[in-house]
Amino acid sequence: MNEQRVAYLGPPGTFSEEAARLAYPEARLVAFPTVAKVSQAIEKGLAQAGVAAIENSIEGSVTDTLDVLLHGSRLKICGEVLVPIEHCLMARAGTEPGDVQVIYSHPQALAQCRLFLEKHYEKARLEPTYSNALAAAQAVSVDGAAAIASRRAADLYGADVLAAGIQDVSPNVTRFVALGHEDAPPSGDDKTSLGYSVPADVPGSLVTSLQAFSSRSINLTKIESRPSRHSLGEYIFLVDCQGHREDPLVAAALAAVERQSSFFKVLGSYPRSQSRLGDSGGD
């Protein structure tokens, strides 16, 4: 039997790699430089599945992943995994904290460590990178550079850890989603994610759409909005609800929302993680 290949945001040493190992412990992991490339790898058959960060308990949604799911891909969410995050500041061996002039990291990590950076490195230049592990690799090759990444990244790239646990809030957790051509069959404890738009000039249109869930006693675990990309003031509402899209009540609610929507897309149904965001303390 052919070995399963799973795409993730690389290079090795990212929290995405850790999430991929948790979600697919027997698979061969293949690194790609962006979430869009992860999606394309699956669609082109270079990988059978993929893993991408979608939500952090400090900074909220990961927009790159949401944009791929909403606009750039036909892939479905088929699972989720929660990863506790500990950020470390690291640099080339021999670098002193006072030597640091530039700090590389993924934008989410920079945001999650904002207070630490303002307090200890207010004069350092912050440079966003595609991933934390890439930042670690850059930091060890540049004089006066440091990176925010995982302890594993420090080990992989030979960096010294200058400070550990520098995230502004603990616990800090990232929710990662598994991506594939199909979502998951019903498991009995599922979640469904969708995105939709309702007319902005119709009073009560959002409330009416949400009543499709409340009237059927379907719990919403998340709701937020994203710009539609079409015009200012038009939004896509992103909703997670308990239940599988094949459950009769969920199916009826989705059909009711779709009838009211100018844009409607089910992003996938999948088993809920057995961990919860508040129980433990992502890229």
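Tutor: Let's start with how helices are named: a helix here is a DSSP run of H or I with at least four residues, and helices are numbered from the N terminus. Keep in mind, too, that this is a predicted model.

Student: Thanks! Then what happens to the backbone just after α2?

Tutor: Gly45 sits there, with a positive phi of about 85°. For background, most residues other than glycine have a negative phi.

Student: Which residues that are not glycine have a positive phi here?

Tutor: Ser217 is one of them, with phi at about 60°. Look for Ser217 in the loop between α8 (205-214) and β13 (220-227). Arg229 is another, at about 80°, and its loop runs between β13 and β14.

Student: Is Ser217 buried or exposed? And is Arg229 buried or exposed?

Tutor: The cut-off for exposed is over 50% relative accessible area. Ser217 has 71% relative accessibility, so it counts as exposed. Arg229 has 58%, so it counts as exposed as well.

Student: While we are on the backbone, where are the cis peptide bonds?

Tutor: As a general rule, most peptide bonds are trans. In this model, a cis bond joins Gly10 to Pro11, with omega about 5°. Pro11 belongs to the loop between β1 (5-9) and α1. Another cis bond joins Ser170 to Pro171, where omega is about 0°. Pro171 is placed in the loop between β10 (159-164) and β11.

Student: Back to α2, please. Which of the residues of α2 are buried?

Tutor: Buried means under 20% relative accessible area. In α2, which spans residues 35-43, the buried residues are Val35, Val38, Ser39, Ala41 and Ile42. They are on the same side of the helix, because the arc they cover around the axis is only 160°.

Student: What covers the buried residues of α2?

Tutor: The cover includes the strands β1, β2 (28-32), β3 (49-56) and β11, together with helix α3 (63-72).

Student: Let me try the same reading on α6. Which of the residues of α6 are buried?

Tutor: Asn132, Ala133, Ala135, Ala136 and Ala139 are the buried residues of α6, a helix covering residues 132-139. Looking down the axis, you would find them within an arc of 155°, so they line one face of α6. Their cover includes the helices α1 (15-23), α4 (107-112) and α7 (151-157), and the strands β6 (88-92), β7 (102-105) and β9 (145-149).

Student: How do I read a single residue in helix α1, say Ala19?

Tutor: Ask about its exposure, then its neighbours. Ala19 has 0% relative accessibility, so it counts as buried. Leaving out residues up to four places away in sequence, Ala19 touches Val51, Val81, Val83 and Phe176. For a sense of scale, the C-alpha atom of Ala19 is 31 Å from that of Ser197, a residue 178 places away along the chain.

Student: And what polar contact does the side chain of Thr174 make?

Tutor: Its partner is the side chain of Asn56, at 3.0 Å. Thr174 is part of strand β11, residues 173-180, and at 1% relative accessibility it counts as buried.

Student: Next, rings. How many aromatic pairs are there in the whole structure?

Tutor: The search finds 2. Phe116 and Tyr121 form a tilted pair, 6.0 Å centre to centre with 40° between the planes. Phe116 has a relative accessible area of 16% and is therefore buried; Tyr121, at 11%, is buried too. Tyr196 and Phe237 also form a tilted pair, with 6.2 Å between centres and 45° between planes. That pair links distant parts of the chain, 41 residues apart: Tyr196 is in strand β12 (190-197) and Phe237 in strand β14 (235-242). Tyr196 and Phe237 are both buried.

Student: Finally, what is the volume of the largest cavity, and which residues line it?

Tutor: The volume is about 60 Å³. Its lining consists of Ile54, Leu66, Ile77, Arg175, Ser193, Leu194, Lys222, Leu238, Val239, Asp240 and Leu267. Two or more lining residues come from each of β12 and β14.

Student: Which element gives the most to that lining?

Tutor: Strand β14 does, with 3 residues.

Notes: Residues numbered from 1 in each chain as written. Predicted model: local features only at pLDDT ≥ 70, side-chain atom pairs only at ≥ 80, totals over all residues. Heavy atoms only, no water. Phe/Tyr/Trp six-rings, centres within 6.5 Å; stacked < 30°, edge-to-face > 60°. Buried < 20%, exposed > 50% of the residue type's maximum accessible area, 1.4 Å probe, protein only. Arc of directions from axis to C-beta. Contact = heavy atoms within 4.5 Å. Polar contact = N/O pair within 3.5 Å; in protein donor to acceptor, adjacent residues only side chain to side chain. 1 Å grid on protein atoms, 1.4 Å probe; cavity = no way out; pocket = protein on both sides within 12 Å on 5 of 7 lines; lining within 4 Å. Points joined across faces, edges and corners; volume = space filled by probe spheres on them.
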